[in-house]
Amino acid sequence: MKGIIFNILEDMVVEKLGMAAWNSLLEKNAPQGRVYVSAKNYDDSELFSLAQAVGDTLQLPLADVVKAFGHYLFQGLVERHQSVVQRFASFDALVLGIHDVIHVEVNKLYVDPSLPTISCEKTSDNTIKMFYHSPRQLCLCAEGLLYGAADYYKIPITIQHTQCMHLGAEQCELIIEQRHD
Ligand code: HEM
Ligand code: ZN
């Protein structure tokens, strides 16, 4: 994973638990003297160890941490890549553009990023079906990112995870519905 992802995890941990907590997590779960540079690649296992350690500290399952981090991550990505996000006028347009616009842009900005395969289709006025596939199986991070995007556009959504790689499926299927309440 790219350093930018670790940088935003650091922001979240510092905001919720303080700088001392982050330094202590880093000391125990990363090579000595580690400084994350946004465009550099680091082992996925390092991110998972840190996320697991955050869960241990908060007594939360890893799945909850990954989802909460995804939610936080969206705003962090927006702040760092405003021009990429600003071109989308709505939540639907952004979600439909994740794979062919946003992550294509990411591919130009970063050398060798680790991106998932995502495809989306609108199945009704207020529903989008998303398929997610990645060797990293970060579908809960994707869910969190979608909730973060919904916050950004100030719309309420619900997500049903109707098929999951963690349960043996070839890919995950997410049904994203805009609520009218
Ligand atoms: C990585 C999904 C929007 C930039 C990822 C990953 C997921 C994901 C799940 C983790 C890697 C994996 O699963 O294999 C999504 C979804 C989005 C979204 C669902 C919208 C709701 C964005 C935006 C940006 C962005 C707006 C920034 C312009 C990146 C970057 C990585 C990434 C830099 C990390 C690549 C790496 O570490 O090598 N995305 N993404 N994404 N995404 Fe997105
Ligand atoms: Zn899944």
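These are my notebook entries on the ligand shell, two helices and a set of strands in a predicted model.

**Ground rules.** I kept in mind that the model is predicted, with local features needing pLDDT of at least 70, side-chain atom pairs counting only at pLDDT 80 or more, and totals for chains, interfaces and linings using all residues. Residues are numbered from 1 along each chain as its sequence is written, while chains are lettered from A and ligands numbered from 1 in the order in which they are written.

**Ligand 1.** I began with the surroundings of ligand 1, taking a residue as near if its C-beta atom, placed from the backbone, lies within 6 Å. There are 25 residues around ligand 1, and Lys 2, His 81, Pro 113, Pro 116 and Ser 134 come nearest. Two or more residues each come from helices H1 (3–17), H5 (82–86), H7 (98–109) and H8 (139–152). Helices here are DSSP runs of H or I with at least four residues, and strands are runs of E with at least two, numbered from the N terminus. H8 gives the largest share, five residues. I then sorted the shell by character: 19 nonpolar, four polar and two charged. In that scheme Ala, Val, Leu, Ile, Met, Phe, Trp, Tyr, Cys and Pro are nonpolar, Asp, Glu, Lys and Arg are charged, and the others, Gly among them, are polar.

**Helix H1.** Next I checked the length of H1: its 15 residues should span 21 Å at 1.5 Å a residue (times one less than the residue number), and the end C-alpha atoms are 20 Å apart, which agrees. Its buried residues (20 or more other C-beta atoms within 10 Å of their own, all placed from the backbone) are Ile 4, Ile 5, Phe 6, Ile 8, Leu 9 and Val 13. They pack against H2 (19–29), H3 (44–58) and H4 (62–80), with contact meaning C-beta atoms, placed from the backbone, within 7 Å. Just after H1, I found Gly 18 with a positive phi of about 100°.

**Helix H4.** H4 has 19 residues and reaches 26 Å between its first and last C-alpha, close to the expected 27 Å. I noted a bend of about 25° at Tyr 72, the angle between axes fitted to the seven residues ending there and the seven starting there. Among the buried residues of H4 are Lys 67, Phe 69 and Gly 70. Their cover includes H1, H3 and H8.

**Strands.** Last, I looked at E4 (172–178), which pairs (at least two DSSP bridges) antiparallel with E2 (127–133) over six bridges. Phe 131 has Glu 173 of E4 as its bridge partner. E3 (157–163) also runs antiparallel to E4, joined by six bridges, and Ile 157 is bridged to Gln 178.

Notes
Buried ≥ 20, exposed ≤ 12 C-beta atoms within 10 Å, placed from the backbone. Contact = placed C-beta atoms within 7 Å.
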